[in-house]
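Welcome, and thanks for opening your viewer. Please load the model, show it as a cartoon, and keep the selection box handy for a short walk.

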Amino acid sequence: MEHYYQPEIECASRDQIRAWQNERLVPTVKRVYESVPYYRQLMDEKGVTPDDIKSVDDLHKLPFLTKDDLRKAYPFGLLAVPLKDCVRIQSTSGTTGRRVVAFYTQHDIDLWDECCARAIMAAGGTNEDVVHVCYGYGLFTGGPGLNGGSHKVGSLTLPMSSGNTDRQIQFMCDLGSTILCCTPSYAAYLAESIIERGLRDQIKLKAGIFGAEAWSEEMRQDIQDKLGIKAYDIYGLTEISGPGVSFECSDQHGMHINEDHFIPEIIDPNTGEVLPEGSVGELVFTCITKDAFPLLRYRTRDICVLNYEKCPCGRTHVRMSKPMGRSDDMLIIKGVNVFPSQIEAVLLNKGYPANYQIIVTRENNTDRLEVQVEMTSEMFSDNLSKVSARERELVEALKAMLGIYAVVKLVAPKSITRSEGKAVRVIDKRKLY
Ligand code: DLL
């Protein structure tokens, strides 16, 4: 049976959703124009006034915001309420040195928690569940977001945070965790560790809510099989609130965007033009219910496609595909566009674990792509010629997928460093030149 946290909203008619969007967008634009000088200037430069925005149909007239704007306006430049009204900040992991700080009023946190509660209930969660949260707590939004959602559902919440795998597994067994929330790469590692310790029969997990990084269908299958659970995707970004901007339902075909809070658009990342329904492009969000940090037309850099078809789960909110990559994470190798997710799909499809690293270098002005991937322990016991044959097979499969040659190195099980948060998949050494 499908569970909903707010059925009247999650299953509202498309007309009703559009009506909410229209009635919330108009005052939000007005308020941002009046209270955020940074955005007012962008609107003035584009010659748009709040009066020009009468409905969602006018959204395209507004200027975009990018991560670059957030950096320029750091830390308070995009705040739309007095700082005294804020109760919390969260921040990005900042792996690329581009730290973003987002502000929340108590009302913002309540709405964010509700979005996460919708995700937990869509994964079958109820007040009888034990929700084991090993996303990081602290500045990262993963832990606090799922924690708040779990409280709203009324589940018993284990605020584990990341790390200490032995303790994670012990609590999972002792307290009977039923829903696991973490990054998919950590879920895969936990699955491996649980099986290694012979504890597969001692865990009561039934579902996982995995997101914050790209993961393939093959990886989903692998985690589901190893843990005997149903694995649900969840998406979000700090700038827009955190996890729960969208989430998967039992149908597992795309993530329902919480459209009563965030209006999505798909644009051409090069021209900024809004693309017709069904196009692949960059996802842009406009926040229509936030007090403190209501970003308008924020460019996520995530590449995906929106699906407005009816979903068997009964929810009516549009579904976004798994992000296929990021317009800024896309590697251009020998002039060819390569998304790490394409490489992962090939590896998992050939039976390799999701422990791999992509290393890009430049030698004599020529790009070199190397893919290091761990063997399973069965593969590792193969003789050398069999290992070489496997490497050749992967080279061919990668060539067929990407159209370029990649050096493949099969490495020993467990030799690639594990991540407790987001995995580091790509090492692009060309940037150092
Ligand atoms: O990763 C928020 C989050 C926490 C989402 C926990 C889900 C679960 P940031 O650190 O700001 O926020 O990173 C946001 O991560 O623009 C995507 O590129 C990527 N991302 C997030 N969820 C997914 C997903 C959190 N399900 C950036 N699939 C986003 C693929 C994802 N990529």
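**Stop one: a pair of helices**

Select P184, S185, A187, A188, A191, I194 and I195 in α8, then add M219, I223, K226 and L227 in α9: these are the residues through which the two helices meet. Sorted by class, this contact of α8 with α9 holds 9 nonpolar residues, 1 polar and 1 charged. Keep in mind as you look around that this is a predicted model.

Now show both helices whole, residues 184-196 for α8 and residues 217-227 for α9; their axes come within 10 Å and cross at roughly 30°. Which hand does the crossing of α8 and α9 have? It is left-handed.

**Stop two: the ligand**

Next, select the ligand and display the 21 residues around it. Which of them come nearest? They are D233, I234, T238, D302 and K422. Colour the shell by class and you should find 9 nonpolar, 6 polar and 6 charged residues. To see which element gives the most to this shell, highlight strand β7, residues 230-237, which supplies 5 residues.

Then turn on distances. Start at the backbone of A212, where an N or O atom lies 3.0 Å from a nitrogen atom of the ligand. Move on to E213, which also has a backbone N or O atom by a ligand nitrogen, at 3.1 Å. For a side-chain partner, pick D302: an N or O atom of its side chain is 2.6 Å from an oxygen atom of the ligand. If you switch to a surface view, note that the protein covers 93% of the 610 Å² of accessible area that the ligand has on its own.

**Stop three: two backbone details**

Most peptide bonds are trans, and most residues other than glycine have a negative phi. With that in mind, zoom to Y74 and P75, where the peptide bond is cis, with omega near -5°. P75 sits in the loop between α4 (67-72) and β1 (88-91).

Finish at S161, in the loop between β4 (156-159) and α7 (165-175). S161 is not a glycine, yet its phi is positive, at about 60°.

Terms used
Residues are numbered from 1 along each chain as its sequence is written. This is a predicted model: local features need pLDDT of at least 70, side-chain atom pairs count only at pLDDT 80 or more; totals for chains, interfaces and linings use all residues. Side-chain values use heavy atoms; hydrogens and water are left out. A residue is near a molecule or strand if one of its heavy atoms lies within 4 Å of it. A polar contact is a pair of N or O atoms within 3.5 Å; within protein, one must be able to donate a hydrogen and the other to accept it, and residues adjacent in sequence count only if both atoms are side-chain atoms. Accessible areas come from the Shrake-Rupley method with a 1.4 Å probe; for residues, only the protein chains shown count as cover. Helices (H or I, at least four residues) and strands (E, at least two) are DSSP runs, numbered from the N terminus. Ala, Val, Leu, Ile, Met, Phe, Trp, Tyr, Cys and Pro count as nonpolar, Asp, Glu, Lys and Arg as charged, and the others, Gly among them, as polar. Axes are lines fitted to C-alpha atoms, for helices over the stretch in contact, and angles run from 0 to 180 degrees between N-to-C directions. A crossing is left-handed if the near helix is turned anticlockwise from the far one by less than a right angle, and right-handed if clockwise. Contact means heavy atoms within 4.5 Å.
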